[in-house]
Amino acid sequence: MSRSGEGAGGPPLAIAAGSSRSAAQPGESGFDGQAALGLVGLGVVGHVLRSRRFYEKVAVAAIVLGALRGIGQDNRASTMARLQAWDKRQIQRMERKAQRQGRAVTGSARMARSGPPRGLAEAGPQN
């Protein structure tokens, strides 16, 4: 017979007749329950450690991690190389720009020292 309503998914609670102690609730475990869980856990760990499949999986995981580490190092190295090349191009660009500006400044200073152009000096002021 199926139950519906509150508590439908859980196991039925045992009601002890004539007992002064409340019935054990699901999820409550004393020392005995904890000891049993501990022994089951130790059994599982022992079984896993004796399993050949476990060691195969550990070996595969170690190989994968090593490969990923190598890929990461290669990626960092190539990124640094690209960054250094970009930095070198930027420095060269700034140096060329500074040279052009320097030539423009020296050219304008030379023009200022030489006076007005010859055609304008001979014609004189025109009113």
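Tyr55 lies in helix H2 of this predicted model, where helices (H or I, at least four residues) and strands (E, at least two) are DSSP runs numbered from the N terminus. With a relative accessibility of 48%, Tyr55 counts as partly exposed, a class that falls between buried (under 20% relative accessible area) and exposed (over 50%), as evaluated with a 1.4 Å probe and protein chains only. Residues are numbered from 1 along each chain as its sequence is written. Because the model is predicted, local features need pLDDT of at least 70 and side-chain atom pairs count only at pLDDT 80 or more, while totals for chains, interfaces and linings use all residues; side-chain values use heavy atoms, with hydrogens and water left out.

Tyr55 is one of the residues of a nonpolar surface patch of about 670 Å², which is made by Val40, Val44, Val45, Val48, Leu49, Phe54, Tyr55 and Val58. Helix H1 (31-50) and helix H2 (52-114) are the elements that give two or more residues to this patch, and the largest share, five residues, comes from H1. Patches are made of residues with over 30% relative accessible area and no salt bridge, nonpolar side chains (Val, Leu, Ile, Met, Phe, Trp, Tyr) being joined within 5 Å and like charges within 9 Å.

The structure holds one salt bridge, defined as a side-chain nitrogen of Lys or Arg within 4 Å of a carboxyl oxygen of Asp or Glu. This salt bridge is formed by the side chains of Arg52 and Glu56, at 3.3 Å from N to O. Both Arg52 and Glu56 lie in helix H2, four residues apart, which is about one turn of the helix. Arg52 is exposed, its relative accessible area being 67%, whereas Glu56, at 38%, is partly exposed.

In the protein as a whole there are three helices and zero strands, so that the order of elements from the N terminus on is α-α-α. Of its 127 residues, 0% count as buried. The accessible surface, obtained by the Shrake-Rupley method with a 1.4 Å probe, comes to about 12,000 Å², of which 60% belongs to carbon and sulfur atoms.

The mean pLDDT of the protein, the predictor's confidence in each residue on a scale from 0 to 100, is 79, and 65% of the residues reach 70 or more. Among the elements, the highest mean pLDDT (90) is found for H2 and the lowest (62) for helix H3, which spans residues 118-123.
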